[in-house]
Amino acid sequence: MKEQVSGARRASRGARGSGVGERETERREQMMRAALEVIVERGYADTRIADVAERTGTSPALVIYYFKTRDQLLTEAIRYSEDTWYAENQRRMAEIPTAAERLEDLIAMNCLPENPEPLSYWLLWLDLWAQAPRSPGVAAVRQKSDERWRETIRSIVLAGQEAGEFAPLDADDFTITLSALLDGLTVQIALEDPEVPPQRTYELAMRFASGQLGFDWKPPAPGRARKRGM
């Protein structure tokens with residue numbers, strides 16, 4: 001009987017501990033989402049701990065308790081945004097049968113407005129690039145993010161080559177070129193350049209990718225929705 005009571009108490013404490021852990025995770029995520037909103041609205045340099053605390057209905061001291069410093073909060077918020085984006089990317093990729101379609105969907109996720117918040121995502125990157133040369137912590141986040149992005153493209157190219165869908169070009173060279181092309185085009189989306197609207201960036205990137213990799217692609221006819229990996 002004593003062993004049963006002791007075990008029940010341990011289970012109860014474990015359940016309470018698990019609940020506390022979940023609440024802390026939720027609170028951290030709430031603060032990171034608030035930080036992302038403020039960065040998009042005001043910029044990385046002008047985002048303060050007090051802004052995040054006010055938006056989440058907490059105190060600056062509590063935000064500091066979870067994140068220690070402003071820079072840690074902001075860099076972890078950007079990592080959180082990246083992880084959320086890649087989770088959605090992986091979900092979509094798993095449902096798309098061919099490498100060419102996966103590459104098309106990846107490009108669309110960066111360029112087209114019906115995909116997960118490209119404008120907000122690229123506004124964050126504008127700030128990340130601007131801060132990286134002056135902040136070692138931000139620079140490390142930028143480097144890891146770029147490596148992850150290039151590996152995502154490269155894995156699709158290699159899979160397409162193995163399946164006979166793509167031409168046998170150098171996958172690393174293509175990956176660097178396409179990632180740089182997408183970076184440049186989507187900066188124009190973030191800046192809302194009227195000469196470079198989202199649909200145009202998508203079509204330019206797809207023409208480049210299909211031409212280099214040797215697969216057929218045609219832009220959707222006016223008024224028709226692009227086939228999406230959903």
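1. From the N terminus on, the elements of this chain run α-α-α-α-α-α-α-α-α, which amounts to 9 helices and 0 strands. A reader new to the structure should keep in mind that the model is a predicted one.

2. Taken as a whole, the chain has 230 residues, of which 40% are buried. Among the contacts with a separation of 6 or more, 65% are between residues 24 or more positions apart. The accessible surface comes to about 12,700 Å², and carbon and sulfur atoms account for 52% of that surface.

3. Helix 7 deserves a closer look. This helix covers residues 136-162, 27 residues in total, and spans 38 Å from its first C-alpha to its last, which is close to the 39 Å expected at 1.5 Å a residue. Its buried residues are Val138, Val141, Ser145, Asp146, Trp149, Thr152, Ile153, Ile156, Val157 and Gly160. As background to reading such a list, an α-helix has 3.6 residues a turn, so residues three or four places apart point the same way.

4. Where does the search of the whole structure find empty space? Rolling a probe the size of a water molecule over the atoms shows where such space is left, and in this model the search finds 1 cavity of 30 Å³ or more. The volume of the largest cavity is about 90 Å³, and its lining is made up of Glu82, Trp85, Tyr86, Asn110, Tyr121, Trp122, Trp125, Trp129, Ser145, Asp146, Trp149 and Asp183. Two or more residues of this lining come from each of helix 4 (70-93), helix 6 (118-131) and helix 7, with helix 6 giving the most, namely 4 residues. Sorted by class, the lining has 7 nonpolar, 2 polar and 3 charged residues. Ser145, Asp146 and Trp149, which are among the buried residues of helix 7, also belong to the lining of the largest cavity.

5. After helix 7 comes Gly164, whose phi is positive, near 80°. Further along, Leu169 is found in the loop between helix 7 and helix 8 (171-190). Is Leu169 buried or exposed? Leu169 is neither, because its relative accessible area is 23%, whereas buried means under 20% and exposed means over 50%; Leu169 is therefore described as partly exposed.

6. The surroundings of Leu169 reach across the sequence. If neighbours within four places are left aside, Leu169 is in contact with Gln161, Phe174, Gln212 and Leu213. For one of these, Leu213, the C-alpha to C-alpha distance from Leu169 is 7.3 Å, although the two residues are 44 residues apart in sequence.

Terms used. Residues are numbered from 1 along each chain as its sequence is written. This is a predicted model: local features need pLDDT of at least 70, side-chain atom pairs count only at pLDDT 80 or more; totals for chains, interfaces and linings use all residues. Side-chain values use heavy atoms; hydrogens and water are left out. The expected span of a helix is 1.5 Å times one less than its number of residues. Buried means under 20% relative accessible area, exposed over 50%, partly exposed in between (1.4 Å probe, protein chains only). Contact means heavy atoms within 4.5 Å. Accessible areas come from the Shrake-Rupley method with a 1.4 Å probe; for residues, only the protein chains shown count as cover. On a 1 Å grid over the protein atoms alone, a cavity is a set of points where a 1.4 Å probe fits but cannot get out, and a pocket is an open set with protein on both sides within 12 Å along at least five of seven lines; lining residues have an atom within 4 Å of a point. Grid points are joined across faces, edges and corners, and a volume is the space filled by probe spheres set on the points. Ala, Val, Leu, Ile, Met, Phe, Trp, Tyr, Cys and Pro count as nonpolar, Asp, Glu, Lys and Arg as charged, and the others, Gly among them, as polar.
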